[in-house]
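Below are my notes on the model, set out as numbered points for your reading alongside the coordinates.

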Number of protein chains: 2
Amino acid sequence: MTATVDTVREEETDAALWPIGQVAREVGLTARAIRYYQEYGLLRPAVSVKGAGRLFDASDVQRLREIKRLREDVGFSLAEIAELLDTDDTRARLRQRFHGTTDTGVRETVLREAIALAEQRLALIERKLTLVAAVRDEEAARLGQLREALAAAATATKPEAQEGKGTDGDNA
Amino acid sequence: MTATVDTVREEETDAALWPIGQVAREVGLTARAIRYYQEYGLLRPAVSVKGAGRLFDASDVQRLREIKRLREDVGFSLAEIAELLDTDDTRARLRQRFHGTTDTGVRETVLREAIALAEQRLALIERKLTLVAAVRDEEAARLGQLREALAAAATATKPEAQEGKGTDGDNA
DNA sequence: TCTTGACTTGACGTTCACGTTAAGTATGCG
DNA sequence: CGCATACTTAACGTGAACGTCAAGTCAAGA
């Protein structure tokens, strides 16, 4: 729905392309960061059409969203992300090989390679997930011990009065 | 003030205090990092006994292990960790109030405060966990789509041989 | 036309989380 | 006694991931 072009009226046949500022606002990154990602190689060098600056299409925006999540949510470094998001030319090669043929055999091969890459990515993320989950479990256990201690202290204080009120804490 | 100076004997079994280098090797951090954490306020300033340098006890080592996991595994910043690991004097106050009395009523109060802190920590970590899990699910979905595409290509190639295989991805 | 606004390419500045000397101090050992 | 070893503080250096400022380009609008 955000695909409507309101800045570039000249060439209406264009697939939707946006300048950097608009993209930045849309995905919640700064223009500087986006340029940096391009320098770094996370994003394709971008097409600079005449005086319009860099223009980004929907796939660029999608990729920027991925990058942002992997940075801010997961906490991967740009180097790790570079490994995770198979480099742009890798992606391009696969696409080209896929669309450059109608041979389903070739397409299968390409798909298998893409799947292998995706599996590696998934494995890395799941590794991270289990690490965080381990810390979570540890914290939960610690909390459980505290609650046990509280329960013990409570029964020591009022050993008879544990009818009406639950002596162990709430679960929130 | 936890331990008296006299515990700095030789290699007796008494030694509940270790110098920084030993601690560093044990937990897998550099001495510099540990000093930095002390400067930063994550760790108590440490007792420096005469020529023995800083000495660390078991609770310090434990705390360093926590810090390391929160940094390297979870990816929290030192600022976040500072919030997570309630400051050292907070912890000390709670301990002192707990052990400084035999009144179970006071102890209950202290425990409830400690539990509240632990719950906040747990909530933060679980927030992180859900973020990572979301990315994981996304990647898994992408992989599922690729597998569907592969299945489609396969059936296009050899339409008769699709007996044993389901076309949808798995749910991790 | 002149101005405004969004963009460009540098280039230097900044924060974080330490690494890396430098220079000094205390202890154990031959 | 000298030397090696492990520590100390103080200060400067570093890589990552940008922030920020300068100077210029370009197209649209009052």
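1. In this predicted model, the residues that form the surface near DNA strand D fall into seven nonpolar, seven polar and five charged. Of the 19 residues around DNA strand D, those that come nearest are A:Gly51, B:Pro19, B:Gly21, B:Gly53 and B:Arg54.

2. As for the secondary structure behind that surface, at least two residues of it are supplied by each of helix H2 (31–40) and helix H4 (78–84) of chain A, and likewise by each of helix H1 (20–27) and helix H2 (31–40) of chain B.

3. Turning to the protein–protein contact, chain A gives 39 residues to it and chain B gives 38 residues. On the side of chain B that touches chain A, helix H3 (58–74) and helix H6 (104–157) of chain B each supply at least two residues, and H6(B) accounts for the largest share, with 33 residues. Sorted by class, this side of chain B holds 21 nonpolar, four polar and 13 charged residues.

4. How are the two chains related in space, that is, by what turn and what shift along the axis can chain B be laid on chain A? A turn of 180 degrees with a shift of 0.0 Å along the axis lays chain B on chain A with an RMSD of 0.1 Å, which is the relation of a two-fold axis. Within chain B, the C-alpha nearest the axis belongs to B:Gly75 and lies 3.0 Å from it. The same surface serves both copies, given that 100% of the contact residues of chain B recur in chain A.

How values were computed
Residues numbered from 1 in each chain as written. Chains lettered and ligands numbered in written order. Predicted model: local features only at pLDDT ≥ 70, side-chain atom pairs only at ≥ 80, totals over all residues. Near = placed C-beta within 6 Å. Helix = DSSP H or I, 4+ residues; strand = E, 2+ residues; numbered from the N terminus. Nonpolar A, V, L, I, M, F, W, Y, C, P; charged D, E, K, R; others polar. Contact = placed C-beta atoms within 7 Å. Least-squares fit on C-alpha atoms with pLDDT ≥ 70 in both.
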